[in-house]
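This report describes a single protein chain for a reader who has not met it before. The sequence and the model come first, and the description follows.

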Amino acid sequence: KEVYVFKRPEKPWTLGNIFRTGFSLYPFLVIRNYSYQEKIAIEKEHYRVQLPAVEIDMDLWLEFLGYFLSEGHVSKNGGSRVHIAQTTAGKKEKIGECLKKLPFKWVERKDGFTTNDVRLANYLRQFGYSAEKFVPRKFLEQEEKQLRILFDAWYLGDAGCTNSAHLRDDMCEIALKLGKAS
């Protein structure tokens, strides 16, 4: 689902433009000046609207990532829904405190927290689903303080349990770097 932006012409509602829009390959997409150039732009996927970048403090991001890797998922149908599951009272409040600091609008539900942010969903989708999850190498190479934040958040969520062999190995690597027995 994409948004295409074109300049408004001087006379948008000509009879020719109305017919071209109504009988085009994109009948539900109303373009007031459906010229040849704009048709080419749509077909070549030009003029996309870019969402602004978001900057997040690394400590906050690593805490969130720990919660996401242990309790989170992104909708599988390509949507923008991100959910962090948690029903245990103390744990849910701690996760909620972290999520409030992030620049995304989270909704608290009975079973956890949900947001519908396209940027966040697209980024988190790379980590896979339950059995595919992992920690990217760049996060495994952080300072000890930051590794502890990531590990503690992950451990709070799943208490050290995962069905992803890759995530298990990544967390064992972090545990060894932190001087913990894995």
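## Overall fold

Among the contacts in the chain with a separation of 6 or more, 64% are between residues 24 or more positions apart; contact means heavy atoms within 4.5 Å. The model is a predicted one, in which local features need pLDDT of at least 70 and side-chain atom pairs count only at pLDDT 80 or more, while totals for chains, interfaces and linings use all residues. Residues are numbered from 1 along each chain as its sequence is written, and side-chain values use heavy atoms, with hydrogens and water left out.

The chain has eight helices and four strands. These elements are DSSP runs numbered from the N terminus, with at least four residues of H or I for a helix and at least two of E for a strand. Their order from the N terminus on is α-α-α-β-β-α-β-β-α-α-α-α. Of the 182 residues, 38% count as buried, where buried means under 20% relative accessible area, exposed over 50% and partly exposed in between, with a 1.4 Å probe and protein chains only.

## The sheet

The four strands form an open antiparallel sheet in the order β1-β2-β4-β3. Its edge strands, β1 and β3 (107-109), each pair on one side only. From one strand to the next the twist averages 20°. Two strands are taken to pair if DSSP finds at least two bridges between them. The table lists the pairings.

| Strands | Sense | Bridges | A bridge or opposite pair |
|---|---|---|---|
| β1 (72-74) and β2 (81-85) | antiparallel | three | G72 and I84 |
| β2 and β4 (112-116) | antiparallel | five | A85 and G112 |
| β3 and β4 | antiparallel | three | V107 and T114 |

The hairpin of β1 and β2 has six residues between the strands, and G78 in this hairpin takes a positive phi near 85°. Helix α4 (residues 89-101) lies across β2, β3 and β4, and runs at about 25° to β4. Such angles run from 0 to 180 degrees between N-to-C directions, and the axes are lines fitted to C-alpha atoms, for helices over the stretch in contact.

## Two residues

H73 is found in strand β1. At 32% relative accessibility, H73 is partly exposed. Leaving aside neighbours within four places in sequence, H73 is in contact with F68, R81, V82 and H83. The C-alpha atoms of H73 and I84 are separated by 6.7 Å, and the two residues are eleven residues apart along the chain.

A175 lies in helix α8 (residues 165-177). A175 is buried, with a relative accessible area of 4%. L147 is 28 residues from A175 along the chain, and their C-alpha atoms are separated by 8.7 Å.

## The second largest pocket

The second largest pocket holds about 280 Å³ of space. Of the 13 residues that line this pocket, V54, I56, W61, F104 and Y123 are the closest to its centre. A pocket is an open set of points on a 1 Å grid over the protein atoms alone, where a 1.4 Å probe fits, with protein on both sides within 12 Å along at least five of seven lines; lining residues have an atom within 4 Å of a point. Grid points are joined across faces, edges and corners, and the volume is the space filled by probe spheres set on the points.

Helices α3 (58-71), α5 (118-124) and α6 (137-140) each supply at least two residues of the lining. The largest share, three residues, comes from α5. By class, the lining has ten nonpolar, no polar and three charged residues. Here Ala, Val, Leu, Ile, Met, Phe, Trp, Tyr, Cys and Pro count as nonpolar, Asp, Glu, Lys and Arg as charged, and the others, Gly among them, as polar.
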